[in-house]
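Student: Hey, can we go through this structure together? I'd like to start with how the helices pack.
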Amino acid sequence: MTIRTLRDYGQHYRPRMACLKNVEVFVVEMQDPKSGVKGADQKLNVTIIPHVINGQDILTWIVTKMKVTTEEAQAFGTMLVAYGYIYPLQNHRTLVLVPDSTLYRFQTPYFWPVQKWPAEDIDYAVYLARRNIRKKGILEPYEQQHYDSLHKWMNPKWDFIVMQATEQYKANKERKKPDRVVLDCQERAYWIVHRPPVLTFDMVRRTNIFFTQALMRSAVKSSVSLTAFVKYVTTHHNHDPFLTTPVPSNPWITDSDEFWQLNSRSVDIPTKLSVERWVLSFWELISDPRGRVDFKLFLKKEHSAENMAFYEAAEEMRWGAASAIPEKSQFIFNTFLKPGAPRWINIDGRTMGLTVKGLVVPHRYVLDAAQTHIFLLMKKDTFYRYLKSPVHKDMQKRALVPTPHVFTDAQLEANVRNRNPGVSPILLWQQEEEEKAAAAVAARPIDVKAMVATNKLDRK
């Protein structure tokens, strides 16, 4: 057993392989001699290194190629450095793209993640032993820590590792000095990204907890799983456009956008099929933007709209920008959790205590416990009262039943000629942000004293 068997450090990129292949196509474009990032020979410690590029040129090329902002281009460039497609020549431990004259080089394709060759502990031990021979026992602090850990772990085979490192060191000395410097930078950049973690007590404890919970997880018989799957397919059969023909027609075949208009989030009266889908589960209801609007209307009449408002605020904090987390956490505390807050939510004392304590150092998932509590409260109680309420029954009566389209060949050709461009996702996002801002203003508590003072000043 090696260190890597205790914890997979992310060397197998199977779920992200399609994305990484697209990234590698982009990196190949960056290396194009005519249209890519221009490189030049650079003198580094009396050694001339070929094909060197700087951070500012990389950033400018990404902005021009992808038509994005400088911040987005820098984030993408940092991802290229973090995944090992580009490596720095000087500050090897800083895996970010610095937009200045910092020197970088493109990593050789042999070390790209798409190759999927595992970074074994023996390979890393040979690399560290070779560096230890070349540096005469003077390594970086993090390298020395890994060296000592691997030496202790692989003590029975350490003589073999040192022999391999000695042979590689002798072979490298026969290369030209620029080639030796480039190869050393490439290997160091690779192991900065892919080096195995140092085994600690906390890692072993977490691994033990993970496997203990996995063993305690109850197993389900295949017959029970298949029965549940068949039930799910039977229930959702009419709502799946691949299994049932969409009504009034399939917009991808007929080029008629009426289906999109009837199912848009801003429609006043939804279709009967959408309303029927809301009944299936609480998650289906709040996943549909139009169903969430209807559920909010019911909550407002029940004087419990703060539950959905808190749930949405927690979702926005989880998926929003990291820079806005402190401000959002303070707003959520003052609005929903603070004693005497204008929209105080009713959760148990233990959950409230943990949530308030976690907001001292806020992060994306600090509201998970309170959000889960509110979600289960709405799912087990409010959702069933909503299904029996006049709000839902009235919507069921008003729901539209579209008439199926029957287009002739001539009409289909006319639809192709008169095809309307779709609504831009940017416009939909802007509209959604405006609606959120309007809802926040409407939900803001009114300061009666300030209004009275303003009225007096107006009268004067």
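Student: Okay, which residues in helix 5 meet which ones in helix 6?
Tutor: Keep in mind that this is a predicted model. On the helix 5 side you have Asp121, Tyr124, Ala125, Tyr127, Leu128, Ala129, Arg131 and Asn132, and they meet Glu143, His146, Tyr147 and Leu150 in helix 6. By class, that contact has seven nonpolar, two polar and three charged residues.
Student: And what's the angle between helix 5 and helix 6?
Tutor: They pack at about 120 degrees, and their axes are 10 Å apart.
Student: Why are they called oblique, then?
Tutor: Angles from 65 to 115 degrees count as roughly perpendicular and those over 145 as roughly antiparallel, so a value between those two ranges ends up as oblique. Helix 5 and helix 6 are therefore oblique to each other.
Student: Left-handed or right-handed crossing?
Tutor: Left-handed for helix 5 and helix 6.
Student: Switching topic. How many cavities of 30 Å³ or more are there?
Tutor: Two. The second largest cavity has a volume of about 40 Å³.
Student: What lines that second largest cavity?
Tutor: Its lining is made of Tyr124, Tyr127, Tyr142, Glu143, Arg188, Trp191, Ile192 and Arg195. You've met some of those already: Tyr124 and Tyr127 of helix 5 and Glu143 of helix 6 are also in the contact we just discussed.
Student: Which helix gives the most to that lining?
Tutor: Helix 8, with three residues. The elements giving two or more residues to the lining are helix 5 (121-134), helix 6 (141-153) and helix 8 (177-194).
Student: And what's the lining like by class?
Tutor: For the second largest cavity, five nonpolar residues, three charged ones and no polar ones.
Student: Back to helix pairs. What angle do helix 3 and helix 4 make?
Tutor: About 115 degrees, with the axes 9 Å apart. That makes helix 3 roughly perpendicular to helix 4. As for handedness, helix 3 passes helix 4 in a right-handed crossing.
Student: Which residues make that contact?
Tutor: From helix 3 (residues 55-66), it's Leu59, Ile62, Val63 and Met66. From helix 4 (residues 70-82), it's Thr70, Ala73, Gln74, Phe76 and Gly77. Sorted by class, the contact of helix 3 with helix 4 has six nonpolar, three polar and no charged residues.
Student: What about the loop between those two, where does Lys67 come in?
Tutor: Lys67 lies in that very loop, between helix 3 and helix 4. Lys67 has a positive phi of about 55 degrees although it is not a glycine.
Student: Cool. Which peptide bond is cis?
Tutor: The one from Val247 to Pro248 is cis, with omega near 10 degrees. Pro248 is found in the loop between helix 10 (222-236) and helix 11.
Student: Okay, pockets now. What's the volume of the second largest pocket?
Tutor: About 1,300 Å³. That pocket is lined by 44 residues, and the ones nearest its centre are Phe259, Trp260, Gln261, Asn263 and Ser264.
Student: Which elements give two or more residues to its lining?
Tutor: Helix 11 (251-254), helix 12 (258-262), helix 13 (272-280), helix 15 (289-301) and helix 22 (425-443). Helix 13 gives the most, with five residues.
Student: And the class split there?
Tutor: The lining of the second largest pocket has 18 nonpolar, 16 polar and 10 charged residues.
Student: One last pair: at what angle do helix 16 and helix 19 cross?
Tutor: Roughly 140 degrees, and the axes of helix 16 (residues 305-319) and helix 19 (residues 368-387) come within 10 Å. That makes helix 16 oblique to helix 19. Their crossing is left-handed.
Student: Who's touching whom in that one?
Tutor: Helix 16 brings Asn307, Met308, Phe310, Tyr311, Ala314, Glu315 and Arg318. Helix 19 brings Asp368, Ala370, Gln371, Ile374, Phe375, Leu377 and Met378. By class, the contact of helix 16 with helix 19 has nine nonpolar, two polar and three charged residues.

Methods: Residues numbered from 1 in each chain as written. Predicted model: local features only at pLDDT ≥ 70, side-chain atom pairs only at ≥ 80, totals over all residues. Heavy atoms only, no water. 1 Å grid on protein atoms, 1.4 Å probe; cavity = no way out; pocket = protein on both sides within 12 Å on 5 of 7 lines; lining within 4 Å. Points joined across faces, edges and corners; volume = space filled by probe spheres on them. Helix = DSSP H or I, 4+ residues; strand = E, 2+ residues; numbered from the N terminus. Nonpolar A, V, L, I, M, F, W, Y, C, P; charged D, E, K, R; others polar. Axes fitted to C-alpha atoms, helices over the stretch in contact; angles between N-to-C directions. Parallel < 35°, antiparallel > 145°, perpendicular 65-115°, else oblique. Left-handed = near helix turned anticlockwise from the far one by under 90°. Contact = heavy atoms within 4.5 Å.
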